[in-house]
Amino acid sequence: MFISLWRDLFVNNKKRATSISYSIRHKKPLADINQLISILTPFANKLTIANKQSLKFRVDGQHKCFLLHQGNITLYRHADGIALNSESAPYIFGLSTQLLEHDYFYIRTNETSDISVLSIDDANRIIDRSNLWKGVAALLIYSATRMFDHCTKISALSSYEIICYQLYELMDETEEVRNNVSIVSYILSRTFLSRSSIMKILAQLKTGNYIETEKGLLRAINNIPSKY
């Protein structure tokens with residue numbers, strides 16, 4: 001199962017890379033994630049976190065595991081504040097960062113979110129006792145693929161291709177996120193493109209009726225051309 005999933009997600013050619021961004025979220029291992037969350041939740045502290053609140057993976061030297069029950073959260077890099085991945089519930093943050101000794105990353109809510117928090121040590125013990133490592137492997141493969149997907153979309157591509165990818169990513173976000181984050185802000189937070197280049201391409205896509213916007217928010221995508 002895992003070998004075929006890995007091969008399917010990590011084919012190393014540009015043609016595959018250009019299509020992966022539209023479908024990768026649909027490969028999310030929901031059954032495995034839900035099983036992990038259901039087993040870990042009784043041992044965690046449940047919290048409701050307001051919109052735009054940041055959370056650290058390490059507190060007082062202790063690594064944390066975050067179970068996302070409801071809402072949407074983005075992973076950011078501390079060094080430059082760039083967004084690396086956004087996930088809607090259900091999801092688990094912290095399993096893939098437990099060996100890091102420095103605070104390279106942090107997460108921030110994009111809407112009011114329900115989460116549960118427990119130490120990574122407790123999470124590992126419960127996972128081991130319940131023999132849930134297969135589910136953890138599926139989650140980590142998906143998480144690594146999402147990061148690979150992001151890196152592919154912001155490097156070795158034209159500005160037009162990068163913007164198109166980000167438009168599809170934004171369209172895949174929850175309605176609450178789309179209603180509160182402008183297209184320009186979303187793309188700026190996830191790429192190294194300038195505001196002027198983003199605005200220019202968005203204006204041309206809107207003129208051609210390839211995207212529909214309202215007060216800077218994305219409302220619809222209508223068959224964006226593959227070439228600029």
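In strand S9, the bridge partner of Leu47 is Ile115. This pair belongs to the contact between strand S1 (residues 45–49) and S9, which run antiparallel and are joined by five bridges. The model described here is a predicted one. Ile115 of S9 also stands opposite Leu68, a residue of strand S4 (residues 62–70). S4 and S9 (residues 113–119) pair in the antiparallel sense, in this case over six bridges. Within S9, Ser119 is the bridge partner of Lys64. Strand S9 therefore has S1 as one pairing partner and S4 as another. S9 is mostly covered, with six of its seven residues buried. In a regular strand, side chains alternate between the two faces of the sheet.

Strand S4 has further partners. Three bridges join S4 to strand S7 (residues 91–93), and the two strands run antiparallel. In this pairing, Leu67 stands opposite Ile92 of S7. S4 also pairs with strand S3 (residues 58–59), in the antiparallel sense and over two bridges. Here Arg58 stands opposite His63 in S4. S3 and S4 form a hairpin with two residues between them. One residue of the turn, Asp60, has a positive phi of about 55°.

Strand S7, which covers residues 91–93, also supplies aromatic residues. Tyr91 and Phe93 are both buried. The count of aromatic pairs in the model comes to five. Among them is the pair of Tyr91 and Phe93, which is edge-to-face, with 4.7 Å from centre to centre and 70° between the planes. Tyr142 joins Tyr91 and Phe93 in one aromatic cluster. A ring is also involved in a contact of another kind, in which Arg190 lies over the face of Tyr186, at 3.7 Å from the ring centre.

Among the helices, H6 (residues 159–171) has 13 residues. The distance from its first C-alpha to its last is 18 Å, close to the 18 Å expected at 1.5 Å a residue. Of the 13 residues of H6, 10 are buried, so the helix is largely enclosed by the rest of the structure. The buried residues of H6 include the run Tyr160, Glu161, Ile162, Ile163, Cys164, Tyr165, Gln166 and Leu167. Glu169 and Leu170 of H6 are buried as well.

Helix H9 (residues 195–207) likewise has 13 residues and reaches 18 Å from its first C-alpha to its last, close to the 18 Å expected at 1.5 Å a residue. In H9, the buried residues are Ile198, Ile201, Leu202 and Leu205. These residues cover an arc of only 100° around the axis, which puts them on the same side of H9. The face turned away from this buried side carries the exposed residues Ser196, Lys200 and Thr207. The elements that cover the buried residues of H9 include H6, helix H8 (183–190) and strand S10 (211–214). Just after H9, Asn209 takes a positive phi of about 65°.

Two single residues in other helices were also examined. His150 lies in helix H5 (residues 133–153). With a relative accessible area of 6%, His150 is buried, because the cut-off for a buried residue is under 20%. Leaving aside its neighbours within four places in sequence, His150 is in contact with Ala83, Leu84 and Arg190. Arg190 is also the residue that lies over the face of Tyr186.

Asn179 is found in helix H7 (residues 175–180). Its relative accessibility is 34%, so Asn179 counts as partly exposed, a class that lies between the limits of 20% and 50%. Asn179 and Leu218 are 39 residues apart in sequence, while their C-alpha atoms are 8.0 Å apart in space. When neighbours within four places in sequence are left aside, Asn179 is in contact with Leu217 and Arg219.

Conventions
Residues are numbered from 1 along each chain as its sequence is written. This is a predicted model: local features need pLDDT of at least 70, side-chain atom pairs count only at pLDDT 80 or more; totals for chains, interfaces and linings use all residues. Side-chain values use heavy atoms; hydrogens and water are left out. Helices (H or I, at least four residues) and strands (E, at least two) are DSSP runs, numbered from the N terminus. The expected span of a helix is 1.5 Å times one less than its number of residues. Buried means under 20% relative accessible area, exposed over 50%, partly exposed in between (1.4 Å probe, protein chains only). The arc is that of the directions from the helix axis to the C-beta atoms. Contact means heavy atoms within 4.5 Å. Two strands pair if DSSP finds at least two bridges between them. Rings of Phe, Tyr and Trp (its six-membered ring) pair if their centres lie within 6.5 Å; planes under 30 degrees apart count as stacked, over 60 as edge-to-face and the rest as tilted. A charge sits over a ring if NZ of Lys or CZ of Arg is within 6 Å of the ring centre and within 35 degrees of the ring normal.
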